[in-house]
Amino acid sequence: MPIDVFNNRTRLSVRNGTSAWNTGASQFIGTFRAFVSGVFVERLIIVRAGKIYWADPHLSPSVLNLYGTQSTAPLVTTGLVEGVQFNEYFYFVDGTNYKRVLLTGTAEPAAWGATGTPNTGPFLTDPTGVASGDRAKLICRFGARLVLAGYKQNPAIWFTCELDEPLIWTGGDTLCADSSAAAAGTSGVNYGTLGDPIVAIFPFAESGLMFGCTNSLVFLTKDPVFEEAAAMISLTRSIGIAGQRGWCHGQEKTAYILAKDGLYLINPSDFNVTRANRIGAGRLDSFFARLDFGAPAIGGSSPLSGGSLRLLSTTDGTGAGSTTEILDGAGGIATEPTTTSVKVPTVSADFIGSLESGKVFPSLCWDPDREGVWVFLSVSGVEQSSLHFYYDTKTDSFWVQRFHDPNMYAPFSVIYVYPSRVSSGKLFMGGTAAISIIDRAFPIGIDGYSFGMTEAEQTAQLVRSSVTMGPIIAQLPYRVMLNEVRIDLADDAYELPTGFVDLSKGPILTVSTGDTAQVAIGLQTDSLFVVNLNALVIDGGTAAVPTSPTTYNGGTAAVPSPNIIDGRYAVRPFGQYQQSNPFTVGTDRVYDGPSNWVVRWNSSSEFWVISYNDPDLGYFDEYQQVDSDPATPNSIMKVLVTRQNPISPDIRDDAAVSGASFPTNTVTELAVLNTGRNEAIRCRVRAEAMYLTIQSDGKPWSIERMSAVISQVGKSRGGA
């Protein structure tokens with residue numbers, strides 16, 4: 001990351017690890033400030049399994065305290081919940097329930113309004129014939145009002161309560177005579193329905209309200225009480241927000257919005273949002289073009305597909321098809337890898353009921369400690385595939401982040417708690433299995449650290465950090481030679497807890513070389529094509545009743561009875577596959593194809609296989625390489641079980657995989673780096689192009705400066 005959080009300095013440094021704060025899923029995490037027992041306090045408010053808790057964010061170990069008894073969960077037990085503080089109450093919506101909690105005590109959550117004849121409170125805003133899940137799902141505070149939106153049946157409408165009266169709403173189609181009264185954003189009023197479904201709402205600028213829609217952004221400039229000054233302005237009709245939590249407030253009244261094509265910065269003086277507001281333009285375009293956020297408030301259409309980027313650092317390099325030369329114990333070069341790959345356990349859960357498995361759910365949070373924006377891109381159903389970004393405002397740069405804690409691959413409820421006199425600031429992240437924190441005072445490079453972890457658990461969850469610099473490339477047709485590298489690291493030591501066994505590994509300098517810059521960095525193709533070599537042909541004959549009622553079995557991939565023919569899965573595995581994770585390499589890559597079919601590396605059999613990924617039962621391998629080749633899945637795949645007998649007993653239903661060409665680059669370890677100034681690292685590495693990489697596992701480090709001595713040598717020997 002571009003900031004050393006331990007010293008609060010702007011220099012290239014390692015992200016500190018996360019620590020486990022509380023075990024269990026969370027639907028919502030927020031903060032409130034209120035007088036409790038005569039003391040002004042700041043607390044967390046958490047919704048878990050539909051029940052509402054409060055907690056002290058500065059208390060460790062954590063303790064969740066229930067409001068009242070809550071024998072029955074007041075909110076929905078699965079899916080998202082949204083809430084906001086308004087004076088001494090915290091108000092919640094979930095699409096079915098309207099609830100509020102008195103923050104000055106610990107009383108039972110109460111109903112917020114009621115249904116009846118007539119309805120009262122926010123129930124007045126319910127659409128006709130409301131059913132479970134059709135009520136408001138979005139809420140925010142807008143000055144002295146609460147705003148509701150996100151109605152499933154009427155996604156383009158919105159409502160505000162009367163000034164300082166959260167119990168007074170209107171369900172009519174006209175504004176009341178008193179402009180301070182409740183306003184209905186429905187048809188026929190001054191501030192009417194929007195053109196797109198509303199996905200997110202939040203206060204913006206001095207006194208405005210932002211509506212983030214599926215394909216537009218609309219801004220209400222003032223509270224309706226200021227009739228002459230208030231106006232609805234369409235900021236854009238082509239840029240929409242990617243999710244209901246895909247926004248955050250920044251510095252000086254700014255806001256960051258994640259659209260489907262990248263991250264946008266909106267200033268309070270902007271009344272026209274264009275592509276020029278996209279701060280990742282030219283850097284992350286390819287990545288975001290391959291993500292599928294679906295259509296928020298409507299639903300998605302296809303699973304997440306990958307990109308063509310990758311991280312250079314690997315444990316042994318062989319899975320990427322690279323020739324790896326590693327330092328041995330005596331400091332020499334060994335051609336056989338001496339390290340072992342670590343397989344991190346995975347957790348798979350669909351954390352948002354309305355999202356299909358594979359959809360990306362974005363959550364943004366401003367981090368005042370680092371002065372940047374966390375962009376969490378959590379993949380529903382396959383959380384271990386989640387990739388995240390940190391955008392640093394001081395250096396205008398993006399930094400890829402991945403969490404190695406199996407309980408916190410994919411945060412989707414995030415809140416920052418500012419420091420107090422007795423505690424540093426903390427970033428709270430809630431997921432399907434736990435709540436974790438990033439604390440600037442936490443020096444351990446392990447994600448999900450907790451006391452009592454085994455050495456194997458610590459090793460599996462070490463924070464892997466790397467920075468790659470390059471390319472170093474000569475003018476055609478010459479090559480370059482790397483003669484010497486000098487690196488100055490920070491000379492800092494961090495105090496570790498008593499009894500902590502430090503299994504981290506210090507930073508190592510490597511050089512990656514190849515015939516071109518693309519080969520040297522390992523930029524690979526991300527598409528595969530699977531072709532059926534012997535297509536199955538079934539002649540149904542005449543339209544007559546078959547002699548056997550089970551001539552064709554279209555069920556699961558099991559031997560039918562009687563054993564006539566098994567149609568296996570309804571969707572065959574042939575077609576185009578896309579890499580599911582743009583930052584994995586070699587045997588860690590998984591390619592998504594038609595339906596639930598994937599091409600993956602089977603670590604047990606040590607073959608590339610074509611598998612059906614059953615959401616409940618896991619992988620079923622259907623095809624396997626004839627000859628195992630970890631460097632590439634390009635090969636002939638044989639069917640593992642012949643299921644055509646007795647239709648075509650002599651023809652195997654084999655497949656051919658093509659299109660993935662792993663690079664033939666060489667990764668050479670040059671030195672293990674020490675803190676402070678390192679001695680000159682002398683070497684003689686010749687290549688057409690090269691990159692220098694510093695990488696470590698779990699060891700905090702910061703780089704002060706780096707230099708390389710390079711000379712031009714003879715002409716290139718490559719080429720056809």
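Two strands count as paired when DSSP finds at least two bridges between them. With that in hand, let's walk through this predicted model, beginning with a small sheet.

Strand E4, residues 51–55, and strand E5 meet this mark, pairing in the antiparallel sense over two bridges. If you would like a contact to look at on screen, pick Tyr53, whose bridge partner in E5 is Leu66. These strands belong to an open sheet of four, ordered E2-E3-E4-E5, with antiparallel pairing. Strand E2 (28–36) and strand E5 (65–66) stand at its edges; each has a single partner strand, so one side of each is left without a neighbour in the sheet.

Next come some backbone details. Most residues other than glycine have a negative phi, and most peptide bonds are trans. The residues below depart from one or the other of these habits.

Start with the peptide bonds. Gly470 and Pro471 are joined by a cis bond, with omega about 5°, and Pro471 lies within strand E30, which covers residues 464–473. Another cis bond runs from Leu476 to Pro477, again with omega near 5°. Where does Pro477 sit? Its place is in the loop between E30 and strand E31 (478–489).

Now for phi. Glu371 is not a glycine, yet its phi is positive, near 60°. You will find Glu371 in the loop that links strand E23 (360–367) to strand E24 (372–379). Its relative accessible area is 31%, so Glu371 is partly exposed, since that class lies between under 20% for buried and over 50% for exposed. Asp396 also has a positive phi without being a glycine, at about 50°. The loop holding Asp396 lies between strand E25 (387–392) and strand E26 (397–401). With 37% relative accessibility, Asp396 counts as partly exposed too.

Finally, let's look at the empty space inside. Rolling a probe the size of a water molecule over the atoms shows where such space is left. How many cavities of 30 Å³ or more are there? The count comes to four. The second largest cavity holds about 40 Å³ of space. Its lining draws on separate parts of the numbering: Phe6, Val14, Arg15 and Asn16 are among the lining residues, as are Gly445, Val463 and Ser465, together with Gly698, Lys699 and Pro700. Sorted by class, that lining has four nonpolar, four polar and two charged residues.

Methods:
Residues are numbered from 1 along each chain as its sequence is written. This is a predicted model: local features need pLDDT of at least 70, side-chain atom pairs count only at pLDDT 80 or more; totals for chains, interfaces and linings use all residues. Side-chain values use heavy atoms; hydrogens and water are left out. On a 1 Å grid over the protein atoms alone, a cavity is a set of points where a 1.4 Å probe fits but cannot get out, and a pocket is an open set with protein on both sides within 12 Å along at least five of seven lines; lining residues have an atom within 4 Å of a point. Grid points are joined across faces, edges and corners, and a volume is the space filled by probe spheres set on the points. Ala, Val, Leu, Ile, Met, Phe, Trp, Tyr, Cys and Pro count as nonpolar, Asp, Glu, Lys and Arg as charged, and the others, Gly among them, as polar. Buried means under 20% relative accessible area, exposed over 50%, partly exposed in between (1.4 Å probe, protein chains only).
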